[in-house]
Amino acid sequence: QLQLVESGGGLVQPGGSLRLSCAASGATVDYTAIGWFRQAPGKEREGVSCISSGGDRTNYADSVNGRFTISRDNAKKMVYLQMNSPKPEDTAVYYCAVPDPMYYCSSDVPVLAMDFGSWGQGTQVTVSS
């Protein structure tokens, strides 16, 4: 049974940095892409980034491109989201998720919640001075 647990959230000042972690357990996690999403109060869940199983393909939402970096360490079964220069509008609960089996993470395919079926419990990120 695949399980995802996010950590690393908290309060960060605008312009600072924060690294989110997603710990994945399960025999097949090495062979699947992973996505990061966020949901702010009153808003729909938004795709932030995804990374392919081998880490050679990534995708970023326009709102975070150039500021956030996704990476993974398959030996540790970990996926990370490095948040640099966060802005108040980045405040949200952040989730990692596993996509459906046929999903293909690439730079020209939007990261959509409807393509992901297994979710973590989320970690709160608040960007405020």
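Here is a short tour of the structure, from the whole chain down to single residues.

**The whole chain**

Start with everything in cartoon view, and keep in mind that this is a predicted model. Colour by secondary structure and you'll find 11 strands and 0 helices. Reading along the sequence, the pattern is simply β-β-β-β-β-β-β-β-β-β-β.

Switch to the C-alpha trace and turn it about its principal axes: the spans are about 40 × 25 × 25 Å. The radius of gyration is 13 Å, which agrees with the value near 14 Å for a compact globule of 129 residues. Of the contacts with a separation of 6 or more, 60% join residues 24 or more positions apart.

Now put on a surface. The accessible area comes to about 6,700 Å², with 49% of it belonging to carbon and sulfur atoms. Underneath, 43% of the 129 residues count as buried. If you colour by charge, you'll pick out 10 positive and 12 negative side chains, and the centres of those two sets lie 6 Å apart.

**Into the main core**

Hide the surface and select Leu20, Trp36, Leu81, Met83 and Tyr94 as sticks. These are the residues with the most contacts inside the largest nonpolar core, which has 26 residues. To see where that core comes from, highlight strand 3 (17-25), strand 4 (34-39), strand 5 (46-51), strand 7 (68-73), strand 8 (78-84), strand 9 (92-99) and strand 11 (123-127), since each is an element that gives it two or more residues. In soluble globular proteins, nonpolar side chains tend to be buried together.

Next, centre on Tyr94, in strand 9. Its relative accessible area is 0%, so Tyr94 is buried. Show what surrounds Tyr94, skipping residues within four places in sequence, and the contacts include Glu6, Leu20, Trp36, Arg38, Met83, Gly122 and Val125. For a sense of scale, draw a distance from Tyr94 to Asn65: 29 residues apart along the chain, their C-alpha atoms are separated by 16 Å.

Leu81 is another of Tyr94's contacts, so to speak the next stop. With residues up to four places away left out, Leu81 touches Leu18, Arg19, Leu20, Trp36, Val48, Ser49, Phe68, Thr69, Ile70 and Tyr94.

Apart from the main core lies another one, of 8 residues; select Ala33, Cys50, Tyr103 and Phe116 to see some of them.

**Out to the loops**

Go to Ser52, in the loop between strand 5 and strand 6 (58-60). Buried or exposed? Ser52 counts as buried, because its relative accessibility is 2%, under the 20% cut-off. Beyond its neighbours within four places in sequence, Ser52 is in contact with Ala33, Arg57, Arg72 and Cys105.

Then jump to Ala113, in the loop between strand 9 and strand 10 (116-119). At 29% relative accessibility, Ala113 counts as partly exposed. Leaving out residues up to four places away, Ala113 touches Phe37 and Trp119. Val5 sits 108 residues from Ala113 in sequence and 17 Å away in space, C-alpha to C-alpha.

**Two backbone stops**

Finish with phi angles. Most residues other than glycine have a negative phi. Which way does the sign go at Lys77? Phi there is near 55°, a positive value. Lys77 is in the loop between strand 7 and strand 8, and is partly exposed at 30% relative accessibility.

Last, select Ser85, in the loop between strand 8 and strand 9. Phi of Ser85 is positive too, near 50°, and at 39% relative accessibility this residue counts as partly exposed.

Conventions: Residues numbered from 1 in each chain as written. Predicted model: local features only at pLDDT ≥ 70, side-chain atom pairs only at ≥ 80, totals over all residues. Heavy atoms only, no water. Core = buried A, V, L, I, M, F, W, Y, C linked by side-chain atoms within 4.5 Å. Buried < 20%, exposed > 50% of the residue type's maximum accessible area, 1.4 Å probe, protein only. Helix = DSSP H or I, 4+ residues; strand = E, 2+ residues; numbered from the N terminus. Contact = heavy atoms within 4.5 Å. Rg over C-alpha atoms; globule rule 2.2 N^0.38 Å. Areas by Shrake-Rupley, 256 points an atom, 1.4 Å probe, with all protein chains shown as cover. Lys, Arg positive; Asp, Glu negative; His and termini not counted. Charge placed at Lys NZ, Arg CZ, Asp CG, Glu CD.
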